[in-house]
Amino acid sequence: MKEELESTSTSTAIRDQEEEHYKKTLTLVPVPPATDAEILAYLRRSGKLTEIAALAERDVIILTMCEQLGITISDAEWQAAGDAFRLERQLWGTSETLAWLKQQRIRIQEWSQGIRVALLEKKLKEHLFGATVDSTYISNQHNYRRVALSQILVFDLTTAEKIVQTLQAGSASFCALALEYSQGKLSQENGGFVGIRCLVELLPEIVTAITDAEEGEVIGPIKTKLGYQIFRVEKWLSSELNQSVREQILDMMFKAWLNNLQNYTGNGE
């Protein structure tokens, strides 16, 4: 009995010494914020530099085109956009704004320049394509039909097929199954409902699958880059050229124009 107690005491002492050693070894030291050079090195080795470079080149194109076309913004427009930015993020005062800038690791001049570029981009879109939005909408009105959708997103076909079978058998509601299975944040939180979307906002394979569906019909599973998606068409709504749709059309036309321009300059033509 005495030997057992001594053995136990010895083991405990050794374990305590090991824990103390690990605590000393694993003590975290303060890590300073990464420098610009370290961030650039990370982007290079992680294969993400090309994506960031394309965004930077996009801004250069916008600024260059605005200069050539004489597109400018007034101080009042600049100030109003900055105020709207702060309001959207609940940056009510100077202290909140400065704290946000510090968190983002940017200077106030850099943030202000970002506001300016965003404003110039909006004006450039309008200058290039504003006059053609109505005709583009009329020519493609079918693609701007709106649909209220519910969705269940899963990552494997077996689970997707099981969910569809359950729905077909009427053993559970779409809402209940979305809450239980959906891996999409929005659909999981809202019992499957993902909102009202224009067809042009959806992936082509989804549009093809649902375009002739009846209200209340369950479609899927559909294999997409996100996984396996099951949809229920809640309601079809008529197309409408509101401000949101107008901005979508402008954005799509602008993106296509930018891609063509970048491909043209990238090929050295």
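Both phenylalanine 85 and tryptophan 100 are buried, where buried means under 20% relative accessible area, exposed over 50% and partly exposed in between (1.4 Å probe, protein chains only). This is a predicted model, in which local features need pLDDT of at least 70, side-chain atom pairs count only at pLDDT 80 or more, and totals for chains, interfaces and linings use all residues. Residues are numbered from 1 along each chain as its sequence is written, and side-chain values use heavy atoms, with hydrogens and water left out.

Back to the rings. A pair of aromatic rings is described by the distance of the centres and the angle of the planes. Here, rings of Phe, Tyr and Trp (its six-membered ring) pair if their centres lie within 6.5 Å; planes under 30 degrees apart count as stacked, over 60 as edge-to-face and the rest as tilted. That rule gives 4 aromatic pairs, among them phenylalanine 85 with tryptophan 100, an edge-to-face pair with 5.4 Å centre to centre and 70 degrees between the planes. Phenylalanine 85 lies in helix H4 (residues 75–88) and tryptophan 100 in helix H5 (residues 94–104), so this pair ties together parts that are 15 residues apart in sequence. Helices (H or I, at least four residues) and strands (E, at least two) are DSSP runs, numbered from the N terminus.

Then there's tyrosine 137 with tyrosine 144: their ring centres are 5.7 Å apart and the planes sit at 45 degrees, so the pair is tilted. Tyrosine 137 and tyrosine 144 are both buried. Ring pairs also link Phe85, Trp100 and Trp111 into a cluster.

Phenylalanine 85 has a charged partner too: the charged end of arginine 89 sits over its ring, 3.6 Å from the centre. For that label, NZ of Lys or CZ of Arg must be within 6 Å of the ring centre and within 35 degrees of the ring normal. Lysine 223 likewise has its charged end over the ring of tyrosine 228, 5.5 Å from the centre.

Now for the backbone. Two residues have a positive phi although neither is a glycine:

| Residue | Phi | Place | Relative accessibility |
|---|---|---|---|
| Glutamine 90 | about 55 degrees | loop between H4 and H5 | 53%, exposed |
| Arginine 105 | about 60 degrees | loop between H5 and helix H6 (108–129) | 53%, exposed |

A cis peptide bond joins glycine 220 and proline 221, with omega about 5 degrees; proline 221 is in strand S3 (residues 218–224).

As for the whole protein chain, it has 12 helices and 4 strands, and 30% of its 269 residues count as buried.
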